[in-house]
Amino acid sequence: MDYSSTPTGFRQRKLQPKVRMRSPGSGTSDPNQLFDDTSSGSAGFRSQEASGLGYPAQALLSEPMSNFAMAYGSSLASQGKEMVDKNLDRFIPISKLKYYFAVDTVYVGKKLGLLVFPYMHQNWEVSYQQDTPVAPRFDINAPDLYIPAMAFITYILVAGLALGTQDRFSPEILGMQASSALVWLIIEVLATLLSLYLVTVNTDLTTIDLIAFSGYKYVGMIVGVLAGLLFGKTGYYLILLWCCMAIFVFMIRTLRLKILSEAAAEGVLVRGAKNQLRMYLTMAIAAAQPVFMYWLTFHLIR
């Protein structure tokens with residue numbers, strides 16, 4: 001091997017060694033090669049591993065297992081739904097609640113007019129079909145929960161508006177306003193239920209009916225507060241007085257068919273201490289509505 005005699009030539013020759021790489025298929029290794037080339041072997045192993053994943057036996061095993069898992073999951077979901085529906089219906093009668101929200105635009109308009117001006121309405125009896133009361137959208141006399149619920153929410157919003165115009169608005173005060181209105185509603189319904197129990201009245205009035213009838217007063221409260229915002233205290237007292245008289249007449253004519261005896265409902269002279277107690281109870285429930293209407297709105301007008 002010919003090297004240059006100068007040291008520089010020797011160093012340049014040393015920096016260019018000859019390296020012989022073996023071919024991928026050869027079985028011998030080059031002693032001058034620092035590392036073995038294993039790329040072909042690893043590629044072959046990966047190809048075998050990938051080809052092994054596609055065995056028909058694995059496909060046959062995976063499909064029944066996935067089907068079984070899907071069937072088991074759907075059965076668990078259906079059982080859980082049935083359990084939730086059963087327990088929920090025990091405390092909250094969903095099927096009955098659907099009846100009270102079966103309203104339309106025509107019913108809402110007529111019922112609002114009846115709540116504000118009930119003096120010209122003649123027939124106050126609830127219509128029945130095969131011993132079942134018809135839906136509220138077919139009978140204006142049927143109680144509903146749509147108007148009380150929307151009136152309660154609107155009352156809270158109007159109360160916030162009234163507080164805002166007086167620079168007294170805050171989330172805490174508005175929360176207290178909503179909480180107090182809800183608590184008074186619950187107290188009113190519970191007191192009515194207790195009174196009906198003490199007087200031993202056999203009536204078809206349900207708790208949801210009482211909530212609906214007690215919630216109708218929020219319509220007059222909204223009208224009174226809006227009148228106070230537009231026309232001051234004088235407009236508030238005049239409009240609220242009108243709405244109080246209207247809700248009193250509405251409650252008397254509606255509840256007398258539910259609480260009083262059939263003879264009293266037909267206009268026959270009421271006789272007996274029990275019927276007199278029923279009459280007094282009906283008047284007390286109706287008279288409580290204007291009291292709550294004033295109590296929950298007078299502080300909103302200044």
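**Exercise 1. The pairing of helix 6 and helix 7**

Determine the handedness of the crossing of helix 6 and helix 7, and describe its geometry and contacts.

*Solution.* The crossing of helix 6 and helix 7 is right-handed. The structure examined here and in the following exercises is a predicted model.

Step 1. Two packed helices are described by the distance between their axes and by the angle between those axes.

Step 2. For helix 6 (residues 146-165) and helix 7, the axes come within 10 Å and cross at roughly 145°.

Step 3. Helix 6 contributes Phe 152, Tyr 155, Ile 156, Ala 159, Gly 160 and Leu 163 to the contact. Helix 7 contributes Ile 173, Leu 174, Gln 177, Ala 178, Ala 181 and Leu 182.

Step 4. An α-helix has 3.6 residues a turn, so residues three or four places apart point the same way.

**Exercise 2. Thr 154 and Thr 297**

Classify Thr 154 and Thr 297 as buried, partly exposed or exposed, and describe the surroundings of each.

*Solution.*

Step 1. Thr 154 lies in helix 6. Its relative accessible area is 32%; because the partly exposed class spans the range between 20% and 50%, Thr 154 is partly exposed.

Step 2. The C-alpha atom of Thr 154 is separated by 8.6 Å from that of Tyr 218, although the two residues are 64 residues apart along the chain.

Step 3. Thr 297 is found in the segment after helix 11. With a relative accessible area of 0%, Thr 297 is buried.

Step 4. When neighbours within four places in sequence are left aside, Thr 297 is in contact with Tyr 155, Met 221, Val 225, Tyr 236 and Leu 240. Tyr 155 also belongs to the helix 6 side of the contact with helix 7.

**Exercise 3. The enclosure of helix 8**

Explain why helix 8 is described as largely enclosed by the rest of the structure.

*Solution.*

Step 1. The buried residues of helix 8 are Ile 208, Asp 209, Leu 210, Ala 212, Phe 213, Ser 214 and Gly 215.

Step 2. Helix 8 (residues 207-215) is largely enclosed because seven of its nine residues are buried.

**Exercise 4. A nonpolar surface patch**

Identify the residues of the nonpolar patch on the surface and the helix that supplies its largest share.

*Solution.*

Step 1. The patch is formed by Val 183, Trp 184, Ile 187, Tyr 237, Tyr 294, Trp 295 and Phe 298, which together have about 670 Å² of accessible area.

Step 2. At least two residues of the patch come from each of helix 7 (171-199) and helix 11 (273-295). The largest share, three residues, is supplied by helix 7.

Step 3. Trp 295 is located in helix 11. Its relative accessibility of 47% makes Trp 295 partly exposed.

Terms used:
Residues numbered from 1 in each chain as written. Predicted model: local features only at pLDDT ≥ 70, side-chain atom pairs only at ≥ 80, totals over all residues. Heavy atoms only, no water. Patch = residues over 30% accessible without salt bridge, like charges linked within 9 Å, V, L, I, M, F, W, Y side chains within 5 Å. Areas by Shrake-Rupley, 256 points an atom, 1.4 Å probe, with all protein chains shown as cover. Salt bridge = Lys/Arg side-chain N within 4 Å of Asp/Glu carboxyl O. Helix = DSSP H or I, 4+ residues; strand = E, 2+ residues; numbered from the N terminus. Buried < 20%, exposed > 50% of the residue type's maximum accessible area, 1.4 Å probe, protein only. Axes fitted to C-alpha atoms, helices over the stretch in contact; angles between N-to-C directions. Left-handed = near helix turned anticlockwise from the far one by under 90°. Contact = heavy atoms within 4.5 Å.
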